[in-house]
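Me: I would like to learn how to read an interface and a cavity. Could we go through them together?

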Amino acid sequence: MSFEKFLFYLFAVFLIGAAVMVITRKNPVHSVLFLVLAFFNSAGLWMLAESEFLALALVLVYVGAVMVLFLFVVMMLDINIAELRAGFVRNLPVALVVAILMVAELVMVLSPERFGLKHYAAPAPKPADYSNTAELGMALFTQHIYAFEIAGAILLVGIVAAISLTLRRRPDTKYLDPGQQVQVRAADRLRVIEMKPEEKA
Amino acid sequence: MEGLVEFWNGLPVVIQILLKIIVIMLPLMILVAYYTYAERKIIGHMQVRMGPNRVGFFGFRLLGLGQPIADAVKLMFKEIIVPTGANKLLFLIAPMLSIGPALAAWAVFPFDAEWVLADVNAGLLYVLALTSLGVYGVIIAGWASNSKYSLLGAMRSAAQIVAYEIAMGFALVGVLVAAGSLNLREIVLAQQGGLLHWYWLPLLPLFVIYFVSGVAETNRAPFDVAEGESEIVAGFHVEYSGMTFAVFFLAEYANMILISGLTALMFLGGWMSPFQGTAIESWFDWVPGIIWLLLKTFIFMFLFLWFRATFPRYRYDQIMRLGWKVFLPITIVWIVVVSVMKIQHAPWWFN
């Protein structure tokens, strides 16, 4: 077994193990941390597939920012685990149907008859100076520019919606405008007067 | 010499890489140790004190140069206390999560035109991804300690780092646009041509924003609300003692050196001589590139200490305002400016 194959199986086993832990841990903080581990291992897999940009972007965006906010929220919430587990039996039939459907779909798409090496030949390894990032950028900004721009516009709408939902006017706060704060000069507020010392009678 | 080269080439690749890692890590660790000494000395002098001046070697005081060693030995022999109700595993993993990324980022750091451990295409992205992971050490430490002060420190740190990372990332996008490469070595090579060709000039706002965001990312004064000793004791590491605390300490200083080094690479021309292209260039031909790089790095390392001695701590809402409402818009505007300069081949950086 070549070293790359060994790495692939290592990452794959860790990925699946971490993914199982995410849904079986009782403590939500542990679940989030296992999700981080899962992201790491899938980044490793992508790295093996020579897509270093996607791998690093996964770590940067999901591990570095999204999961931090996740942890932030999970740590702040006082989650009642008993309450979360209460609906398990009631929801089980629906969940089972969804799970079986998904497995069936995966089997149909990824079974050896349709997804084997003879249908999709392994791509030739790229030379060392091949820049995955540049290629991706070229494809995104030429061929797929409309899809890219539309996705960007949708995200922008999302940002505006999120901000407008959380924005509230609060007239009772003692907020000071920093612009006015820095313009304050001593002369506006303080008057130094000269006077003779008062003599006590 | 020939025999040595032959011996080196005969070694297995794994051993070669391990030896290279040691060659990077050992000086780095010594630098970290003496950075703490420099901090105490420099801030001491700024505050008209002497700083540590007692511990020396073999009975000689030597200006207190033995202090970092004494501190390290002391911390190693102290007891590691795990608080009641703490999550023991996470409590002990947190310091490692904190120092791991701080050290791993050095893998792609070019010390000279040829001296780099891993010359990867997406070096800049790798560095950015790794520096964004340092926050996990802080958050997990804060949560696993089972202490209110720790949790407060962790929350502050998480919000702060997520905010400043965006500004930092955008500043790096500017560098990437200017250099046209994600490879750190090529970014330095793109700045060829002396002091005025380095990116600090065309990217001046990004340069300032990158360094200030770096100060915020490392939780240093004036952005040290995560520690905030006057409000929340010591923030996320209030429950840590002995070696676990020392590792947090090491990570903080290793991160400061990393940020300083990266700023030198991306905005001050890395290992290149500042006199390139001037009449006195040949006078400095004998200076190895790494000396220039170290000198540039030391400038920023000194700034970290100077900031700490000078500025009062930011208020929390001011930190958020600075990150989101000042830095972010400036970086976005400047990326557009850089792109225009690049397309128009603005003299003399981009022609």
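Me: How much area is buried between chain A and chain B, and what part do carbon and sulfur atoms give?

Reply: Happy to start there. The size of an interface is often given as the accessible area lost when the parts come together. In this predicted model, local features need pLDDT of at least 70, side-chain atom pairs count only at 80 or more, and totals for chains, interfaces and linings use all residues. Residues are numbered from 1 along each chain as written, chains are lettered from A in written order, and side-chain values use heavy atoms without hydrogens or water. Here the buried area (1.4 Å probe, summed over both parts) is about 2,100 Å², with 77% from carbon and sulfur atoms. On the chain A side, A:Leu56, A:Leu60 and A:Met75 lose the most area, together 27% of what that side buries.

Me: How many salt bridges are there between chain A and chain B?

Reply: The count is zero, taking a salt bridge as a side-chain nitrogen of Lys or Arg within 4 Å of a carboxyl oxygen of Asp or Glu.

Me: What is the volume of the largest cavity?

Reply: Rolling a probe the size of a water molecule over the atoms shows where empty space is left. For the largest cavity (points on a 1 Å grid over the protein atoms alone where a 1.4 Å probe fits but cannot get out), the volume, meaning the space filled by probe spheres set on the points, is about 40 Å³. Its lining (residues with an atom within 4 Å of a point) includes B:Val108, B:Asp119 and B:Arg185.

Key:
Buried area = accessible area lost by both parts, 1.4 Å probe. 1 Å grid on protein atoms, 1.4 Å probe; cavity = no way out; pocket = protein on both sides within 12 Å on 5 of 7 lines; lining within 4 Å.
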